[in-house]
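Please open the structure in a viewer and keep the selection panel at hand. The tour below proceeds from one selection to the next.

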Protein chains: 2
Amino acid sequence: MRDVARLAGVSVATVSAVVNGSVPVSAERTRKVRDAMDALDYHPDHVARSLKTGRTNVIAMVIPDITNVFFPELVRGAEEAANQAGYSVILCDSNEDPAQERRHLDTLFARRVDGVLIACTDASTAYESLVRRRFPIVFVDRLPQGLAVSAVSTDNVDAGYQAARHLIDLGHERIAIVTGNLRLSTHAGRLEGFRRAMQEHHLPVRDEYVRVGDLQASTGYRFGLELLGLDPPPTGLISSNNRMLLGLMRAIRELSLPCPEQVSVIGFDDPVWTGNFSPRLTTLAQPTYEIGRCAFAMLQRRMRGEPEAPGVGEVSLLKAELRVRESTAASPSREGEMLRPAVSI
Amino acid sequence: MRDVARLAGVSVATVSAVVNGSVPVSAERTRKVRDAMDALDYHPDHVARSLKTGRTNVIAMVIPDITNVFFPELVRGAEEAANQAGYSVILCDSNEDPAQERRHLDTLFARRVDGVLIACTDASTAYESLVRRRFPIVFVDRLPQGLAVSAVSTDNVDAGYQAARHLIDLGHERIAIVTGNLRLSTHAGRLEGFRRAMQEHHLPVRDEYVRVGDLQASTGYRFGLELLGLDPPPTGLISSNNRMLLGLMRAIRELSLPCPEQVSVIGFDDPVWTGNFSPRLTTLAQPTYEIGRCAFAMLQRRMRGEPEAPGVGEVSLLKAELRVRESTAASPSREGEMLRPAVSI
DNA sequence: CTGTTAGCGCATTCAT
DNA sequence: ATGAATGCGCTAACAG
């Protein structure tokens, strides 16, 4: 910058002024400065700038597993919005490990990121001090319990309700659900919605029909085998997670159970490949990309200092969309009856 | 830091010394400093440190599309390795757009990242000046043409060869391939391997059997319909890309062509869901995670200043692994003949 | 071993 | 409208 100033025959302050447009500079000098910048291939040093201004224009996104199809879409939404606003984003994969998550948060803090977007891991409390300190942080997808925070997520209770309701409308009465750890707000919410729908229709929720496990396909497979081996077996299956859904489908296939004739299945998340299954899968599609964008927008408000409503936080819940395909059909016990027909997409 | 020094009754230099362990400090003072740090909840400011040292301990990873299953795995490998070495990683999605890629590179440079890992987009030349300037950059997966660079990728020629060879061994003679833009080294390589195998076995490669398009499922679908409508149609299909494979399978299904009886299919990349298709998909699995790790390791060597061999660059090619499942079988024209049996996994 | 000091590159007063 | 000077928080000489 000194060199640029010298070459342009002005002071460093003037260079700074034209770079930032903070103060008016005469046209002629502006031109000279720009020429000098080009000639010297000068690029303002963001590090120095950050030290001075206290802002880095960097945010971080910490997520539990980039390898789960849900998150890349989320990251993309947030990253695009962030980039458009002049922010870069540091990606931190916590690998579903609270300790790892805390380490990430610590280094992020040391790096002076301007804000963080986080899909928190089970049992983590690393962020409590952050929200208490009013550090700009907004939670995405997974929300912490008992904390008044800024957050954006799918309306999971509604989504769980929709899933159950779809099966109920098809005449199913014995419906089972496989979910992830219930300390994760997403799974707790979906289960709650499921229960609510069942209760509304005076349908029992048998304990053996609710299976809680980790988010692996292998677990879904095991649960599928177990559930379908029950007497009586469920005629409807809901998977609260896309990986477990894979396992569920594998179990059904190995059991040679006709789907949807004998058992209907509905899953969460709607990656392209759901349309390649036989049968094509009925799913609840989350507005993942949109959640990412909204989350960044909200974070920006926090970074600007706009406060959330005190004590409650600002949480924005987006609706999931039911996509009816071929894996759900009328309950075998109601075959031939007149049921509300599902609209296929 | 001043406060910490004051509280501990030492100088800032001493504080710096205990924080960095750069210079020995007496046990007693060390303890005092640590206590003061805790008491004040002091966290060293990486920004200031970077300004001073000229190193940020941040690298960037620029990729064309986080939404393609291949990349999350790659990112994870690189990120884990980077984190273990004390680096954070900025993620930049270029969205397959050279202009976007260049913008990213510019801001990354301004941010003084210590190095970058890049899967370059077609037609991009944004990085030429970087490699010429000897900026630490290593290319992953997709390599630029005609530049001596550091890179790690799958051995795509070998992988394409393996794919074709597998079908040839099964007796197929009419084999078609769908690939992405051939300016992408990955697709060019796979096609080359395919051609080589065909040539070695004196099999013709008909022009209509080579389809080059973008990386979308819809394109794969269209190509599938077109290829299978040819007279004579191919009995073996290779997809150079995981998304196009999805489209291919959809086309086969809509045509009600029995797979693998009438047509064998083999694809690239091996995400979990390949095992959920009917039939289960034969694929070439890339060592994606490993590529990410290797790439970071190589980048670290560049950042340390260890030079690559002049004029050639250091490129490390990892082998893909053929996973034979159910979507490939003996060519219908050779039904009943004795063929080398494939080992199923 | 420890303290003092001089910048790293920039944005921002405050004069002019 | 412009320039000179100050310091952001830290590390790396250097002197003790």
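**The surface near DNA strand C**

Begin with α4(A), which contributes 4 residues to the surface near DNA strand C, the most of any element. The model is a predicted one.

Next, display DNA strand C together with the residues around it. There are 22 of these, and those that come nearest are Met1(A), Arg49(A), Thr14(B), Arg29(B) and Lys52(B). Coloured by class, this surface comprises 11 nonpolar, 6 polar and 5 charged residues. On the DNA side, 67% of the strand C atoms within 4 Å of the protein belong to sugar or phosphate, and the rest belong to bases.

Zoom in now on three phosphate contacts. At Arg49(A), an N or O atom of the side chain is 2.7 Å from a phosphate oxygen of DNA strand C. At Asp45(A), a polar backbone atom is 2.9 Å from a phosphate oxygen of the strand. At Thr14(B), a polar side-chain atom lies 2.4 Å from a phosphate oxygen of DNA strand C. To see the elements that give two or more residues to this surface, select α2 (12-20) and α4 (46-53) in chain A, and α2 (12-20) and α4 (46-53) in chain B.

**The largest pocket**

Move to the largest pocket, whose volume is about 1,000 Å³. Of its 42 lining residues, select the closest to the centre: Thr67(A), Val69(A) and Trp273(A) from chain A, with Val69(B) and Trp273(B) from chain B. Then add the helices: α5 (70-84), α11 (242-254) and α12 (288-303) of chain A, and α5 (70-84), α11 (242-254) and α12 (288-303) of chain B, each supply at least two residues of the lining. By class, the lining of this pocket holds 21 nonpolar, 11 polar and 10 charged residues.

**Strand β8 of chain B**

Finally, select strand β8 (residues 236-239) of chain B. Are its faces covered or open? Both are covered: Gly236(B) and Ile238(B) are buried on one side, and Leu237(B) and Ser239(B) are buried on the other. This arrangement follows a general pattern: in a regular strand, side chains alternate between the two faces of the sheet.

Extend the selection to the neighbouring strands. Strand β6 (residues 175-179) of chain B runs parallel to β8(B) and is joined to it by 4 bridges; here Val178(B) stands opposite Ser239(B). Strand β9 (residues 264-268) of chain B is also parallel to β8(B), again through 4 bridges, and in β9(B) the bridge partner of Leu237(B) is Val265(B).

Key:
Residues numbered from 1 in each chain as written. Chains lettered and ligands numbered in written order. Predicted model: local features only at pLDDT ≥ 70, side-chain atom pairs only at ≥ 80, totals over all residues. Heavy atoms only, no water. 1 Å grid on protein atoms, 1.4 Å probe; cavity = no way out; pocket = protein on both sides within 12 Å on 5 of 7 lines; lining within 4 Å. Points joined across faces, edges and corners; volume = space filled by probe spheres on them. Nonpolar A, V, L, I, M, F, W, Y, C, P; charged D, E, K, R; others polar. Near = heavy atom within 4 Å. Polar contact = N/O pair within 3.5 Å; in protein donor to acceptor, adjacent residues only side chain to side chain. Buried < 20%, exposed > 50% of the residue type's maximum accessible area, 1.4 Å probe, protein only. Pairing = 2+ DSSP bridges.
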